[in-house]
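Student: I should like to learn how to read the features of a protein model in a systematic way. Could we work through an example together?

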Amino acid sequence: MSLRNIREILLDIILPAQCVVCGRDLANGEQDICLHCMAAFPRVTLRSITENEIHRRLMTKDTEIEHAGALMLYNRESTYARLIHTAKYSGRPALCRRLGNMLANSLITSGFFDSIDLIVPVPMPMFKKLRRGYNQSAEIAHGISDISHIPVADDCLRSRRHSTQTHKNSAGRLENTRHAYFMTHTADWKGVRHILLVDDVITTGATMLACAHHLHQGIPDVKVSVAAVALTTLN
């Protein structure tokens with residue numbers, strides 16, 4: 001257990017737990033999100049796991065995506081955006097993991113995980129990870145693994161240092177991520193036929209596409225599916 005996880009547990013003991021979304025004190029049995037906010041949770045409704053809005057964002061002649069899923073619609077003006085912001089920037093790796101649990105539970109009855117061999121989180125540059133203390137995508141991936149029992153490979157993909165995606169348009173995001181990722185020791189993945197790529201948020205899809213491209217390049221004939229906690233609303 002990491003120091004950050006211990007810190008979260010101690011804070012829960014010392015301070016009354018509050019809903020991440022609205023700030024109300026949580027009642028017994030509630031965790032992270034109160035029942036009031038859970039009832040209005042902005043869940044993503046996808047017509048299919050094989051052809052949906054996420055596939056359209058990731059459509060390219062070079063990279064094919066199998067299954068695609070997400071838990072919630074993300075709008076920066078919504079109070080539910082606090083879930084993502086708190087998970088990423090407030091030292092809450094356990095919250096990331098629980099969001100991964102929720103994501104997995106929302107997809108598992110559709111057969112989403114049936115043929116997947118390995119879960120691979122979108123990587124984070126080393127110095128950024130050291131500063132933050134954890135990679136939120138890796139924590140989400142482990143939360144999915146808790147439910148699906150599919151193993152996680154934290155070191156399959158690595159990230160080079162690159163500028164933030166925030167405030168970049170679609171073309172800028174794609175160019176920024178084109179050479180940002182690379183695969184390690186590809187010989188170890190010869191038996192893997194279907195990989196689930198996991199991130200916290202899908203915006204334009206540039207990050208997912210860049211990572212999926214490297215997975216396809218490094219592992220011949222591999223299938224790549226994608227899942228994220230949040231899917232942004234595009235205007």
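**Reading the fold**

Tutor: Of the 235 residues of the protein chain, 49% count as buried. The model is a predicted one, and its chain holds nine helices and six strands.

Student: What share of the contacts between residues at least 6 apart in sequence joins residues at least 24 apart?

Tutor: In the protein chain, that share is 73%.

Student: In what order do the strands of the open sheet lie, and what is the sense of their pairing?

Tutor: The open sheet has four strands, ordered β1-β6-β5-β2, and the pairing is parallel. At its edges lie β1 (68–74) and β2 (118–121), each of which pairs on one side only. On average, and with direction ignored, neighbouring strands of this sheet are turned by 20° against each other.

Student: How many bridges join β1 and β6, and how should I follow the sheet onward from there?

Tutor: One may go from pair to pair. β1 and β6 are joined in the parallel sense over six bridges, and Y74 has T232 in β6 as its bridge partner. Next, β5 and β6 pair in the parallel sense over eight bridges; here L197 stands opposite V226 in β6. Finally, β2 pairs with β5 (residues 194–202), again in the parallel sense, over four bridges, and the bridge partner of L118 is I195 in β5.

Student: How many of the ten residues of β6 are buried?

Tutor: Nine of them are, so β6 is largely enclosed by the rest of the structure. One of the elements to consider beside β6 is α5, which lies across β1 and β6 (223–232) and runs at about 120° to β1.

Student: Let us turn to helix packing. What describes two packed helices?

Tutor: Two quantities serve the purpose: the angle between the helix axes and the distance between those axes. In this model, the axes of α4 (residues 81–89) and α5 (residues 93–107) come within 7 Å and cross at roughly 130°. That angle makes α4 oblique to α5. The crossing of α4 and α5 is left-handed.

Student: Which residues of α4 and α5 meet?

Tutor: On the α4 side they are L83, T86 and A87, and they meet L95, C96 and L99 in α5. By character, the residues of this contact between α4 and α5 divide into five nonpolar, one polar and no charged.

Student: At what angle do α5 and α7 pack?

Tutor: The angle between α5 and α7 (residues 136–148) is about 45°, and their axes are 7 Å apart. The two helices, α5 and α7, are therefore oblique to each other. Here α5 passes α7 in a right-handed crossing. The residues of α5 in this contact include P93, C96, R97 and G100, while those of α7 include Q136, E139, I140 and H142. The contact of α5 with α7 comprises seven nonpolar, six polar and three charged residues.

Student: Where is H67 found, and is it buried or exposed?

Tutor: H67 is in the loop between α3 (53–57) and β1. H67 is buried, its relative accessible area being 13%. When residues up to four places away in sequence are not counted, H67 touches I49, T50, H55, G111, F112, H194, S225 and V226. Of these partners, H194 belongs to β5 (residues 194–202), whereas S225 and V226 belong to β6 (223–232).

Student: I would also like to read the backbone. What sign does phi have in most residues other than glycine?

Tutor: Most such residues have a negative phi. D32 is a case to note, for its phi is near 70°, a positive value in a residue other than glycine. D32 is found in the loop between α1 (3–14) and α2 (35–39).

Student: What is the phi of H149?

Tutor: H149 has a positive phi of about 65° although it is not a glycine. The place of H149 is the loop between α7 and β3 (157–159).

Student: Which of these two residues is buried, and which is exposed?

Tutor: D32 is buried, with a relative accessible area of 9%. H149, by contrast, is exposed, with a relative accessible area of 67%.

Conventions:
Residues numbered from 1 in each chain as written. Predicted model: local features only at pLDDT ≥ 70, side-chain atom pairs only at ≥ 80, totals over all residues. Heavy atoms only, no water. Axes fitted to C-alpha atoms, helices over the stretch in contact; angles between N-to-C directions. Parallel < 35°, antiparallel > 145°, perpendicular 65-115°, else oblique. Left-handed = near helix turned anticlockwise from the far one by under 90°. Contact = heavy atoms within 4.5 Å. Nonpolar A, V, L, I, M, F, W, Y, C, P; charged D, E, K, R; others polar. Pairing = 2+ DSSP bridges. Buried < 20%, exposed > 50% of the residue type's maximum accessible area, 1.4 Å probe, protein only.
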